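Dear colleague,

Please find below the structure that I am handing over to you, together with its sequence. My account of what was found in it follows directly after.

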Amino acid sequence: MNPLLYTDGYKVDHRRQYPENTTLVYSNWTPRKSRIPNVDKVVFFGLQYFIKKYILEDFQNNFFNLPKEEVCAQYSRRINNYLGPNSVGIKHIEALHDLGYIPMAIKALPEGVSVPIRVPMFTMYNTLPNFFWLTNYFETLLSTTIWLPCNSATIAKQYRSLLDDYAAKTSSIPEFVDWQGHDFSMRGMAGLEAALLSAAGHLLSFSGTDTIPAVDFLETYYNANSDEELIGGSVAATEHSVMCMGTNSGEQETFKRLITEIYPNGIVSIVSDTWDLWKVLTQYLPNLKDEVLARDGKVVIRPDSGDPVAIICGDPKANSSVAQKGVVQLLWDTFGGSINEKGFKELDPHIGAIYGDSITLERAENICKRLEENGFASTNVVLGIGSFTYQYNTRDTFGFAMKATYGEVNGEGREIYKDPITDDGTKKSAKGLIKIEKVDNTYSLKDQVSWEEEATGELQLVFKDGELLIDDNLKAIRARVK
């Protein structure tokens, strides 16, 4: 498909709507508002993928490398069928094809940094006067590609911060947090690209993921190498179909076969709520205690339904004593463990728990808090973070928008801005050329600057005239996130 058709319909004729003799349009990408409590900075991530995938790959393969007559006929056919009789024209498309590259400059902050609300993450503008129309033509494709990885990277960082804090207070193995937040989201995301972008954002803060293609994504677009570094990993695990096929009456034998024959060593996660979680915890596992403790590895129990906080930590209001105790306490009753130097219980390393159904930041905090109150280290449980966390968000979660703030007409600069009188201030844009400054490790915006001042500051030229100038890597981005 011609990538010039990856846009909103109203974009195609803005070229003629700008003032005559417009030669430059300068825009920026900014998170304008946070709808997540206590989050006032957003992790910047995804631009390098956008540049490589769309500007370099798609435009090269599906536009510049194809015959001009073919791509222009395709464009003209689609627009004429879409708009009916129109005067959009084709000469500007022909001129771009003749040029052979995208004449844009993109300046950005380093990916992985946390950017305060209302501070732009990157700017872009055309480098040749005849292609002023291209700048905001890219807005739609940029927006639909970049808001999601920024969202997920930001939310993952919140999980990481929360889990780090509780591990520091209660655990002897704070490094385990690398694996404590595990991405379960792929099946619930809005298509494969959304799953990859979100999972890659998750992996900026964690190592655990079940989204296998996210590893290839980061190798392809972010110079990672799974032969030389840990990008993402997981463990052997069952699903309900496996347990059901073993039958209700044979569930204990299914457990035994899994931990002694199929996986006699290493970590294996076993879904345990197919029928009766409490029977698994109070009958099957005690019966298999010797087999569990004899293994060189960990058996991880996975409940998958109910209130996560109550299931893991116990429900004081429950009718049964086992439900009042919860998973972690029941595992401790059977397998024991040790009390660390901070005074908190840590399960025997042969046994553990994971919960991956409908986890949210609030529930994650409540689980850690309840475990602490019950005298257990937070790292006794792994949290599967799924689409309930990563898909229940939109571009408006952080109010992302790309807006033009400067242009040139007849060779003269115009500082432009948006400030609707009917708005609450969210949509008010910067004005003119901008510079991003950094003081005490925090970024701030200075607008209405000169071109000379715009050339300084924290924004770095990452792309110009068909060439990627900064090709970042996962290791560096992860370090910035941390």
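I begin with one charged pair. Lys53 and Asp58 form a salt bridge, in which the closest N and O atoms are 3.1 Å apart. Both partners fall under the 20% limit for buried residues: Lys53 counts as buried at 18% relative accessibility, and Asp58 counts as buried at 9%. Please bear in mind throughout that this is a predicted model.

Overall architecture

The chain has 482 residues, of which 52% are buried. Its secondary structure consists of 19 helices and 20 strands. Taken along the principal axes, the C-alpha atoms fill a box of roughly 85 × 50 × 45 Å. Of the contacts in the chain with a separation of 6 or more, 76% are between residues 24 or more positions apart.

Annotated regions

Two domain annotations come from UniProt, each from an unreviewed entry. The record gives "domain: Nicotinamide phosphoribosyltransferase N-terminal" for residues 4–55. In the model, this span is 25% helix and 25% strand, and its end C-alpha atoms lie 10 Å apart. The record also places "domain: Nicotinate/nicotinamide phosphoribosyltransferase" at residues 181–435. That span is 37% helix and 19% strand, with 36 Å between its end C-alpha atoms.

Further salt bridges

Side chains of opposite charge can pair when their charged atoms come close. How many salt bridges does the structure hold? The total is 16 salt bridges, and the pair described at the start, Lys53 with Asp58, is one such bridge.

A further pair is formed by Arg160 and Asp178, whose side chains meet in a salt bridge at 2.6 Å, N to O. Arg160 belongs to helix H6 (residues 139–170) and Asp178 to helix H7 (residues 177–180), so this bridge ties together parts that are 18 residues apart in sequence. Arg160 is buried, with a relative accessible area of 13%, whereas Asp178 counts as partly exposed at 25% relative accessibility.

Helix H6 also contributes Lys169, whose side chain meets that of Glu372 in a salt bridge (3.6 Å, N to O). Because Lys169 lies in helix H6 and Glu372 in helix H16 (residues 361–373), the pair ties together parts that are 203 residues apart in sequence. Are these two partners buried or partly exposed? Lys169 counts as partly exposed, at 42% relative accessibility. Glu372 likewise counts as partly exposed, at 24% relative accessibility.

Salt bridges also link residues into a network, made up of Lys435, Glu437, Lys446 and Glu453. Lys435 is at the end of the second annotated span, residues 181–435.

The contact of helices H3 and H4

Helix H3 (residues 68–83) and helix H4 (residues 91–99) have axes that come within 10 Å and cross at roughly 145°. The crossing of H3 past H4 is right-handed. Which residues meet there? From H3, the residues are Lys68, Val71, Cys72 and Tyr75, and they meet His92, Ile93, Glu94, His97 and Asp98 in H4. Sorted by class, this contact has 4 nonpolar, 2 polar and 3 charged residues.

The C-terminal part of the chain

Two residues in this part may be of use as reference points. Asp471 lies in the loop between strand E20 (467–468) and helix H19. With a relative accessible area of 42%, Asp471 is partly exposed. Leaving aside its neighbours within four places in sequence, Asp471 is in contact with Gln48, Lys52 and Asn223. Gln48 and Lys52 fall within the span annotated as residues 4–55, and Asn223 falls within residues 181–435. Asp471 and Ser161 are 310 residues apart in sequence, and their C-alpha atoms are 28 Å apart in space.

Ala476 lies in helix H19 itself (residues 474–481). At 24% relative accessibility, Ala476 counts as partly exposed. Ala476 and Met124 are separated by 352 residues in sequence and by 23 Å in space, C-alpha to C-alpha.

Yours sincerely,

A colleague

Note on methods
Residues are numbered from 1 along each chain as its sequence is written. This is a predicted model: local features need pLDDT of at least 70, side-chain atom pairs count only at pLDDT 80 or more; totals for chains, interfaces and linings use all residues. Side-chain values use heavy atoms; hydrogens and water are left out. Axes are lines fitted to C-alpha atoms, for helices over the stretch in contact, and angles run from 0 to 180 degrees between N-to-C directions. Helices (H or I, at least four residues) and strands (E, at least two) are DSSP runs, numbered from the N terminus. A crossing is left-handed if the near helix is turned anticlockwise from the far one by less than a right angle, and right-handed if clockwise. Contact means heavy atoms within 4.5 Å. Ala, Val, Leu, Ile, Met, Phe, Trp, Tyr, Cys and Pro count as nonpolar, Asp, Glu, Lys and Arg as charged, and the others, Gly among them, as polar. A salt bridge is a side-chain nitrogen of Lys or Arg within 4 Å of a carboxyl oxygen of Asp or Glu. Buried means under 20% relative accessible area, exposed over 50%, partly exposed in between (1.4 Å probe, protein chains only). UniProt positions are given in the numbering used here, feature names are shortened, and annotations may be inferred rather than shown by experiment.
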